[in-house]
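Hi,

Here is the structure I promised to pass on. Have a look at it first, and my notes come straight after.

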Amino acid sequence: MPDSVVQARSRRQFLQFLAGSPLLAYGGGAAFAGEAPSKLPDPMMWAPQNLEELIKAPKDAINVFDFEPVCRKNVPPAHFGYMASGIDDEVTLRANREGFLKFQLRPRRLVDVSKVDMTTDILGVTYPNPIVVAPIGGQRSFHDDGELAVARAAKAGNHLQILSTATSTGVEDVTAARGAPIWYQLYATNSWEVAQTMIKRAENAGCLAVAVTVDRAGGRNQETLFRLRATDTRDCSGCHDRSSLQSSMRTRAMYQGIDLSGLRNTQSSAMTWDFMKRLRDTTKMKIVIKGILAWEDAVLAADNGIDAIIVSNHGARSEDSGRSSIDALPEIIDAVKGRMPILVDSGFRRGSDVVKALCMGATAVCVGRPYIWGLGAFGQPGVERVLEIMRVETEAMMQQVGAPTIKHLVPAMVRRA
Ligand SMILES: Cc1cc2nc3c(=O)[nH]c(=O)nc-3n(C[C@H](O)[C@H](O)[C@H](O)COP(=O)(O)O)c2cc1C
């Protein structure tokens, strides 16, 4: 290609990039309306991520975002769309990232942070870091090794792993690959018999806790999924039997061997606090509720003897309320007053995000899409590197706020911007 064409093309791409950049939201836009800007933004974005230059190996990644375009290239459009999608206008999806801008960390100096210890206790078990692998369904749709690759990567960094009800591999094999007990995430379905059978199976596999997801009570319009799926030219019927709910679920690892005749919905829109009481009488596992966003529900969880909650909007996949998890976290921590551990997820991509939540009082942070980007990009080594980047950034941020241990992360280190 002649140099002049390359230059014109890259200039056009750069202007297009800036047109989509948050810089425009801060007034840089007018200057870039034409081809000849009279004023440059400060800071200048000298090195925007070039989506045409993909990393070739996990070690090349500078941040977790470097994995996403590689995942996009490797993974079929319908599966990538399933992963990336939010709901409707994806206001919550953006809020999950922008929410972190509403909070600032307050760096502190002259503290010996030459050694940082990120050891964290989560429901009585000690982990060397507070970063948890969030439950994500059907991981074999991103890489053949799916949940097993993720379990091995979680083992390498010694992370707590939460396994989805919609897992492509059974809880026993994933636990074996992780080499330590995991948590099982439960979609209760409309059928107590189905839920009970899964809970027993998870308990027998040695799971420490059941995390009941409560935020999928209604329908959802996953526009990005539907639009990308429409571009997928493969024949999906070879893998997805959509002739009935039973036939589509029967292939799922955790539904196998269960009588599914009463199954009408894989979610439950009828679930109330009575379900939690029933669950308590059924299992010895700890009970965690995933998907709390209002302090009133957090207080009810503590009143009902729930062992922990996960403050989460499901990675903006349940509703488009516009409320980010990090925005919801402070009022929940205030209201719960230390009566149970509080985990949080949705939009965590940076060590500074993790440290903000821990300073507010969260016990641990669950990470979702980023490790799927790593999985889709490079399999297990990709997941390992994503988790490693998250750990390294978290450690660096702890040093910057002057916290040699997790206990040293306190509310005074974070304030509303
Ligand atoms: C592709 C995908 C599938 C998911 N599947 C489940 C699931 O089966 N059960 C569940 O409780 N949460 C599920 N989640 C939500 C995650 O557990 C977590 O709350 C969310 O991904 C966190 O947000 P993040 O992706 O911005 O990190 C899923 C998320 C994604 C992206």
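Below is what turned up, starting with the core and ending with a few single residues.

Some housekeeping first. This is a predicted model, so local features need pLDDT of at least 70 and side-chain atom pairs count only at pLDDT 80 or more, while totals for chains, interfaces and linings use all residues. Residues are numbered from 1 along each chain as its sequence is written, and side-chain values use heavy atoms, with hydrogens and water left out.

The core: a nonpolar core here is a set of buried Ala, Val, Leu, Ile, Met, Phe, Trp, Tyr and Cys residues joined through side-chain atoms within 4.5 Å. Buried means under 20% relative accessible area, exposed over 50%, and partly exposed in between (1.4 Å probe, protein chains only). The largest core has 101 residues, and the members that touch the most others are Phe-67, Leu-186, Ile-309, Val-311, Leu-329, Ile-332 and Leu-409. Helix α15 (residues 380–401) supplies the largest share of this core, eight residues. Apart from it there is another core of 16 residues, including Ala-134, Ile-162, Ala-308 and Ile-310.

Now α15 itself (helices are DSSP runs of H or I, at least four residues, and strands are runs of E, at least two, numbered from the N terminus). Its 22 residues reach 32 Å from first C-alpha to last, close to the 32 Å expected at 1.5 Å a residue; that expected span is 1.5 Å times one less than the number of residues. Among its buried residues are Gly-382, Val-386, Met-390, Glu-393 and Met-397. Seen down the axis, the buried residues of α15 fall within an arc of 165°, so they line one face of the helix; the arc is taken from the directions from the helix axis to the C-beta atoms. They pack against β1 (103–105), β4 (131–133), α5 (146–157), α13 (351–360), β11 (364–367) and α14 (369–378), with contact meaning heavy atoms within 4.5 Å. After α15 comes Gly-402, which has a positive phi near 75°.

Aromatics next. Rings of Phe, Tyr and Trp (its six-membered ring) pair if their centres lie within 6.5 Å; planes under 30 degrees apart count as stacked, over 60 as edge-to-face and the rest as tilted. The whole structure has four such pairs. Phe-65 and Trp-373 make a tilted one, 6.0 Å centre to centre with 40° between the planes. Phe-65 lies in the loop between α1 (3–19) and α2 (68–74) and Trp-373 in α14, so the pair ties together parts 308 residues apart in sequence. Phe-65 is partly exposed at 22% relative accessible area, whereas Trp-373 is buried at 4%. The centres of Phe-100 and Phe-348 are 4.9 Å apart and their planes at 75°, so that pair is edge-to-face. Both Phe-100 and Phe-348 are buried.

Two arginines also have their charged ends over rings (CZ of Arg or NZ of Lys within 6 Å of the ring centre and within 35 degrees of the ring normal). Arg-72 sits over Phe-80, 5.3 Å from the ring centre, and Arg-317 over Tyr-82, 4.8 Å from the ring centre.

Lastly, Val-288 is in strand β8 (residues 286–292) and is buried at 0% relative accessibility. Leaving aside neighbours within four places in sequence, the contacts of Val-288 include Leu-123, Trp-183, Ala-209 and Ile-309.

Cheers
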